[in-house]
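Student: I have a structure open and want to learn to read it. Can we go through it piece by piece?

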Amino acid sequence: MGQDSSKARHKVSKKHVKQLQKTTNLNRVEITELSRVFEEVAAGAPGLNREQFQLAFQKLSSTDPNVQSIAGIPYANRLFDLLDTDKSNTVDIREFVAGLSVLCKGTTEEKLLASFRAFDLDGDGFISFDELSQMFTSAWLAGYSPILTQEADEETKREIREFSVECAINMARSVMNAIDVNGDGKLSLEEFKMFARQNPKITATLDDYENQVSLVFGN
C-alpha cells in the first residue's frame with residue numbers, strides 16, 4: 001500500500017506536463033524527469049527548502065546532461081535564490097522546472113540575466129566590487145575544490161584559500177577598471193554583459209593540477 005501511494009505521488013499529470021511545455025524550453029521527457037526528482041525529494045510537500053533543493057540538484061546533475069552543464073558553476077549555492085522567484089524560501093515545481101529550463105536551455109540573454117542576478121547578491125540591480133570579489137572567490141575555490149576536499153594538510157588548504165581571495169580581488173579590480181564604463185564603482189546589467197560576452201573563465205593551477213571554471217551560465 002505504501003509503495004503504491006509513493007508511486008501515485010511521483011506521477012506527473014499530462015495536463016501539468018503540457019502546461020510546463022508551453023512556458024519552458026524543455027520537452028515532455030525532460031519535464032517528467034525533473035518533476036519526478038522534485039516530488040521524490042519533496043516527499044509530498046508543495047516545495048523544496050534549500051537543503052532539499054541541493055539534494056534534488058545533486059541527483060539530477062549525476063544523470064541529466066542538461067543539469068550537468070551547469071553543475072560546475074561556482075555559485076551553485078545561489079541557484080536556490082535564483083529559482084525562488086516569489087521569495088517564499090521554498091522552490092515549487094513551477095519555479096524548479098522553469099528555472100532549470102532557463103539555466104540549462106535558455107537563450108543567451110536569459111542566461112546572462114541569470115548570471116547577473118547570481119552576482120548581484122543584495123538584489124539592488126548592480127554588482128559592487130565586493131560582490132564581484134565574493135563571486136570570483138567562489139570561482140577560484142570551486143576550481144581548487146578537488147584539492148580542498150582531499151586529505152591535504154590544513155596549512156595547504158589555508159594557503160589555497162588565501163591565494164583564491166587574493167586572485168579574486170585582483171581579478172575584480174581588473175574587471176572594474178576595464179568594464180565600469182561610467183566609473184561609478186559598480187556594474188550595471190549592460191556593463192556586466194560586456195564582461196560576460198568575453199566568455200570569462202578562471203584557471204586554477206597548482207603544480208601539475210589545472211582546472212578551468214566558467215564564470216557565467218552558458219559558457
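Student: In the hairpin of S5 and S6, which residue takes a positive phi?
Tutor: This is a predicted model. The hairpin has two residues between its strands. One residue there has a phi near 55°. That residue is Asp 207.

Student: How many bridges join S5 to S6?
Tutor: Strand S5 covers residues 201-206, and strand S6 covers residues 209-214. The two run antiparallel. The number of bridges that join them is six.

Student: Which residue in S6 stands opposite Ala 204?
Tutor: Strand S6 spans residues 209-214, so look for the partner in that range. The residue opposite Ala 204 is Asn 211.

Student: How many helices and strands does the protein chain have?
Tutor: Strands S5 and S6 are part of a wider set. The chain's secondary structure comes to twelve helices and six strands.

Student: Which helix gives the largest share of the lining of the largest pocket?
Tutor: The pocket holds about 180 Å³ of space. Its lining has 13 residues, and the closest to the centre are Leu 82, Thr 85, Gly 99, Val 102 and Arg 117. Helices H6 (79-83), H7 (93-105) and H8 (108-119) each give two or more residues. The largest share, six residues, comes from H7.

Student: By class, how many residues in the lining of the largest pocket are charged?
Tutor: Sort the lining by class. Seven residues are nonpolar and two are polar. The charged residues number four.

Student: What is the volume of the largest cavity?
Tutor: The structure holds one cavity of 30 Å³ or more. The largest cavity has a volume of about 40 Å³.

Student: Which helices each supply at least two residues of the lining of the largest cavity?
Tutor: Start with the residues: Leu 26, Glu 30, Leu 34, Asp 64, Asn 66, Val 67, Leu 100 and Cys 104 line the cavity. By class, five are nonpolar, one is polar and two are charged. The helices that each supply at least two are H3 (28-42), H5 (65-71) and H7.

Student: What percentage of the residues in the protein chain are buried?
Tutor: Buried means under 20% relative accessible area. The chain has 219 residues. The buried share is 42%.

Student: How much area does the protein chain expose?
Tutor: Carbon and sulfur atoms supply 50% of the exposed area. The total is about 11800 Å².

Student: Among contacts between residues at least 6 apart in sequence, what share join residues at least 24 apart?
Tutor: Take the contacts in the protein chain between residues at least 6 apart. Then pick out those that join residues at least 24 apart. Their share is 58%.

Methods
Residues are numbered from 1 along each chain as its sequence is written. This is a predicted model: local features need pLDDT of at least 70, side-chain atom pairs count only at pLDDT 80 or more; totals for chains, interfaces and linings use all residues. Side-chain values use heavy atoms; hydrogens and water are left out. Two strands pair if DSSP finds at least two bridges between them. Helices (H or I, at least four residues) and strands (E, at least two) are DSSP runs, numbered from the N terminus. On a 1 Å grid over the protein atoms alone, a cavity is a set of points where a 1.4 Å probe fits but cannot get out, and a pocket is an open set with protein on both sides within 12 Å along at least five of seven lines; lining residues have an atom within 4 Å of a point. Grid points are joined across faces, edges and corners, and a volume is the space filled by probe spheres set on the points. Ala, Val, Leu, Ile, Met, Phe, Trp, Tyr, Cys and Pro count as nonpolar, Asp, Glu, Lys and Arg as charged, and the others, Gly among them, as polar. Buried means under 20% relative accessible area, exposed over 50%, partly exposed in between (1.4 Å probe, protein chains only). Contact means heavy atoms within 4.5 Å. Accessible areas come from the Shrake-Rupley method with a 1.4 Å probe; for residues, only the protein chains shown count as cover.
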